[in-house]
Amino acid sequence: MHVSEILNEVLDGQRINQEEGLFLLRYSDLIELGEVANEIRFRKNPDPLVTYVVDTNPNYSNVCSIDCIFCAFYRHRDDEEAYTFTVDQLIEKFKRAAEQGTTTVLLQGGVHPDLPFEYYLELVERTVKEVPQVCPHFFSTSEILGMSKISGLTVEEVLQQLWNKGLRTLPGGGAEILSNRVKKKVSHKKGSVEDWLSVMRIAHRIGYRTTATMMYGHLERDEEIIEHLDSIRVLQDETNGFTAFIPWSFKPGNTPLEKIIPQYAPPNRYLRMIALSRIYLDNFPHIQASWFSEGKKIGQIALHFGGDDFGGILLEENVHAAANFVNTTNIDECRSLIREAGFIPAQRTTLYEILHVDS
């Protein structure tokens, strides 16, 4: 097996398998891998546009019963710093965000052990009715599973009731690494790989569109990176419900896992992840390059390694901030970063519909 042979297969339009993907991850030249990924990016999205979304990422609660060892954000219900916003408080947050031009609210918890299912239903219904300018991009798979447990409903019934109230998209959080070995180590209360895939499968069948994510740079092996990519590629073949793939590196600050993994994964690892995912995920329309999680310059470079989307403005963000990792931007700077990288910025919706091109 040779890297050049595999990359030629990719350029010929052939799908690579797990063994070939692992070989590229381990042995390919980063620049060569990036060049092929960039070629595939332009085949899928020929225009020299890089999209972004004006969004905000508040949290309705930091109370969580899952105790993931990679998370610095969560608190237990009796902790002094624990909080849970009322629906009224959240609607006010959303209205203020909408006044600043926000079109997407990415909202997650906490997997709260006490909140009734009616809280989530009311939140979706009122957001759709009272803040119609924004798309509610609410609730990870972990929260959906939590709602099922609290309510006694099946996952399908939970998702259907949320759909009936107006929810149409789900974020891809909760995946981390889709390996049961890793999940048992970093998030043993969170559910299995099959749980995450099942929630997404059911959501797609109902009609939801979702993203898929990956958090790497902790306890995973190379083989498990490929296992992750293959799992979501197989599901996408089945449902075609994913809009984009979003990888980011683990941020150890203030987390229990910091004692074992004290440093960030290096930038070249991130660029390799972006390029490999663009090549491997041949059925995904978009790959998101993140200025936020990896830094603005690396985010710009990732746009030449297969990324075609620059993520969101994130008017509010708390999870990475709890890990002492903070990057901020605004609409003007985001557009400038895209232009500096050699592309044309275009504002999009949650579903990747172009709102306008910033010529």
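In this predicted model, strand S5 (residues 169-170) runs parallel to S6, and two bridges join them. Leu-170 lies opposite Thr-210 of S6. On strand S6 (residues 209-216), seven of the eight residues are buried, so the strand is mostly covered under a limit of 20% relative accessible area. S6 also pairs with strand S7 (residues 242-249). That pairing is parallel as well and spans seven bridges. Within it, Ala-212 stands opposite Phe-245 of S7.

Phe-245 also belongs to the largest nonpolar core, which has 73 residues. It is listed among those with the most contacts inside this core, together with Leu-24, Trp-196, Ile-232 and Ile-279. Helix H11 (residues 267-280) makes the greatest contribution, with eight residues. A second, separate core has 33 residues, including Leu-90, Ala-98, Leu-159 and Leu-162. In soluble globular proteins, nonpolar side chains tend to be buried together.

The contacts of Ile-232 link several of these elements. Neighbours within four places in sequence are left aside here. Ile-232 then touches Ala-212 and Phe-245, the residues that stand opposite each other in the S6 and S7 pairing. Trp-196 is another of its contacts. Leu-178, Phe-242, Leu-281 and Phe-284 are also in contact with Ile-232.

The structure holds two cavities of 30 Å³ or more. The second largest encloses about 40 Å³. Its lining consists of Thr-141, Ser-142, Leu-145, Gly-174, Lys-183, Lys-190, Gly-191, Ser-192, Asp-195 and Trp-196. Trp-196 thus appears both in this lining and among the residues with the most contacts in the largest core. Helices H6 (141-151) and H9 (193-206) each supply at least two lining residues. H6 gives the most, with three. By class, the lining has two nonpolar, five polar and three charged residues.

H6 also contributes to an open site. The largest pocket has a volume of about 240 Å³. It is lined by 14 residues, of which Ser-65, Ile-66, Val-111, Gly-146 and Lys-149 are the closest to its centre. H6 provides the largest share of the lining, five residues. The pocket lining divides into five nonpolar, five polar and four charged residues. H6 is therefore the main contributor to the lining of the second largest cavity and to that of the largest pocket.

Note on methods
Residues are numbered from 1 along each chain as its sequence is written. This is a predicted model: local features need pLDDT of at least 70, side-chain atom pairs count only at pLDDT 80 or more; totals for chains, interfaces and linings use all residues. Side-chain values use heavy atoms; hydrogens and water are left out. A nonpolar core is a set of buried Ala, Val, Leu, Ile, Met, Phe, Trp, Tyr and Cys residues joined through side-chain atoms within 4.5 Å. Buried means under 20% relative accessible area, exposed over 50%, partly exposed in between (1.4 Å probe, protein chains only). Helices (H or I, at least four residues) and strands (E, at least two) are DSSP runs, numbered from the N terminus. Contact means heavy atoms within 4.5 Å. On a 1 Å grid over the protein atoms alone, a cavity is a set of points where a 1.4 Å probe fits but cannot get out, and a pocket is an open set with protein on both sides within 12 Å along at least five of seven lines; lining residues have an atom within 4 Å of a point. Grid points are joined across faces, edges and corners, and a volume is the space filled by probe spheres set on the points. Ala, Val, Leu, Ile, Met, Phe, Trp, Tyr, Cys and Pro count as nonpolar, Asp, Glu, Lys and Arg as charged, and the others, Gly among them, as polar. Two strands pair if DSSP finds at least two bridges between them.
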